[in-house]
Amino acid sequence: MTEPTLYPESGFLRLRLDIAYDGTNFSGWAKQPDRRTCQELLESTISKIARFKVETVVAGRTDAGVHATGQVVHVDVPENLDLEDLTYRINRIMDEDLRITKISIAPPAFHARFSALRRAYTYKILDNNQVIPPLNRADVAPWYRTLNLDLLNKASAL
């Protein structure tokens, strides 16, 4: 593993992006050949606006179909990039299932992956062979048996 780059190169500015996405139609976060991914969409959109090929660093990757409400990403952009209305401009041309909720100038030595203080995950499971309503089908996993909450809590504490 290479050492994390804690500072942008000379002539560049590090931005912190807070993003949210509906992962239903993504093959996860990380770029993959011939697959639609969050990273590819975000990088290609920012690259168009910056007129420079950018690379993102994320706090944590997600699998196919996983959603995010507060994912943190950093990206180094040319320091002459106009930051006024940047969130609006990116969201205006990007597909609607990924949104930047906030852009800020990253503090010194900020690194999306290594500066993260916490991560929170939510798993939705409907047990006892109950029927999942159609509007919840992308967010809830079916399980045909009764879940043992004591065992689940004990396992998640580890």
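Is R16 buried, exposed or partly exposed? In this predicted model, R16 comes out as partly exposed, because its relative accessibility is 27% and the partly exposed class runs from 20% to 50%. The side chain of R16 also meets that of D18 in a salt bridge, with an N to O distance of 2.9 Å. D18, for its part, counts as buried, since its relative accessibility is just 14%. That pair is a handy way into the model, but the overall layout comes first.

The chain holds 3 helices and 6 strands. Read from the N terminus, these elements follow the order β-α-β-β-α-β-β-β-α. The C-alpha trace spans about 60 × 35 × 30 Å along its principal axes. Of the 158 residues in the chain, 32% are buried. Among contacts with a separation of 6 or more, 61% are between residues 24 or more positions apart. As for the surface, the chain exposes about 11,100 Å², and 51% of that is supplied by carbon and sulfur atoms.

Back to the charged side chains. Side chains of opposite charge can pair when their charged atoms come close. There are 5 salt bridges in the structure. One of them joins R14 to D76, with 2.7 Å between the closest N and O atoms. Because R14 belongs to strand 1 and D76 to strand 3, this pair ties together parts that lie 62 residues apart in sequence. R14 itself is buried, as its relative accessibility of 4% shows.

Another salt bridge pairs K31 with E43, whose closest N and O atoms sit 2.8 Å apart. This one links distant parts of the chain, with K31 in the loop between strand 1 and helix 1 and E43 in helix 1, 12 residues apart. The two partners fare quite unlike each other in terms of cover: K31 is partly exposed at a relative accessible area of 36%, whereas E43 counts as buried at 4% relative accessibility. Salt bridges with shared partners also join R36, D95 and D97 into one network.

D97 deserves a closer look. This residue lies in the loop between helix 2 and strand 4, and it counts as buried because its relative accessibility is 18%, with the cut-off for buried set at under 20%. The side chains of D97 and R36 are joined by a polar contact of 2.7 Å. Beyond its neighbours within four places in sequence, D97 is in contact with A20, Y21, D22, N25, F26, R36 and L41.

Helix 2 comes next, covering residues 86–93, and its buried residues are L86, I90 and N91. They sit on the same side of helix 2, because the arc they cover around the axis is only 120 degrees. That buried set packs against strand 1 (12–21), helix 1 (38–50) and strand 4 (98–105). On the face turned away from the buried side, helix 2 carries Y88 and R92, which are exposed.

Just ahead of this helix is L83, in the loop between strand 3 (68–78) and helix 2. With a relative accessibility of 32%, L83 counts as partly exposed. Leaving out neighbours within four places in sequence, the contacts of L83 are L13, L15, R89 and I105. L83 and I103 are 20 residues apart along the chain, and their C-alpha atoms are separated by 8.9 Å.

The last feature is on the surface. Y121, Y123, I125, W143 and Y144 form a nonpolar patch there, and together they have about 660 Å² of accessible area. Within this group, W143 is found in the loop between strand 6 (141–142) and helix 3 (149–157). W143 is partly exposed, with 35% relative accessible area, and it therefore passes the patch cut-off of over 30%.

Note on methods
Residues are numbered from 1 along each chain as its sequence is written. This is a predicted model: local features need pLDDT of at least 70, side-chain atom pairs count only at pLDDT 80 or more; totals for chains, interfaces and linings use all residues. Side-chain values use heavy atoms; hydrogens and water are left out. Patches are made of residues with over 30% relative accessible area and no salt bridge: like charges are joined within 9 Å, nonpolar side chains (Val, Leu, Ile, Met, Phe, Trp, Tyr) within 5 Å. Accessible areas come from the Shrake-Rupley method with a 1.4 Å probe; for residues, only the protein chains shown count as cover. A salt bridge is a side-chain nitrogen of Lys or Arg within 4 Å of a carboxyl oxygen of Asp or Glu. Helices (H or I, at least four residues) and strands (E, at least two) are DSSP runs, numbered from the N terminus. Buried means under 20% relative accessible area, exposed over 50%, partly exposed in between (1.4 Å probe, protein chains only). The arc is that of the directions from the helix axis to the C-beta atoms. Contact means heavy atoms within 4.5 Å. A polar contact is a pair of N or O atoms within 3.5 Å; within protein, one must be able to donate a hydrogen and the other to accept it, and residues adjacent in sequence count only if both atoms are side-chain atoms.
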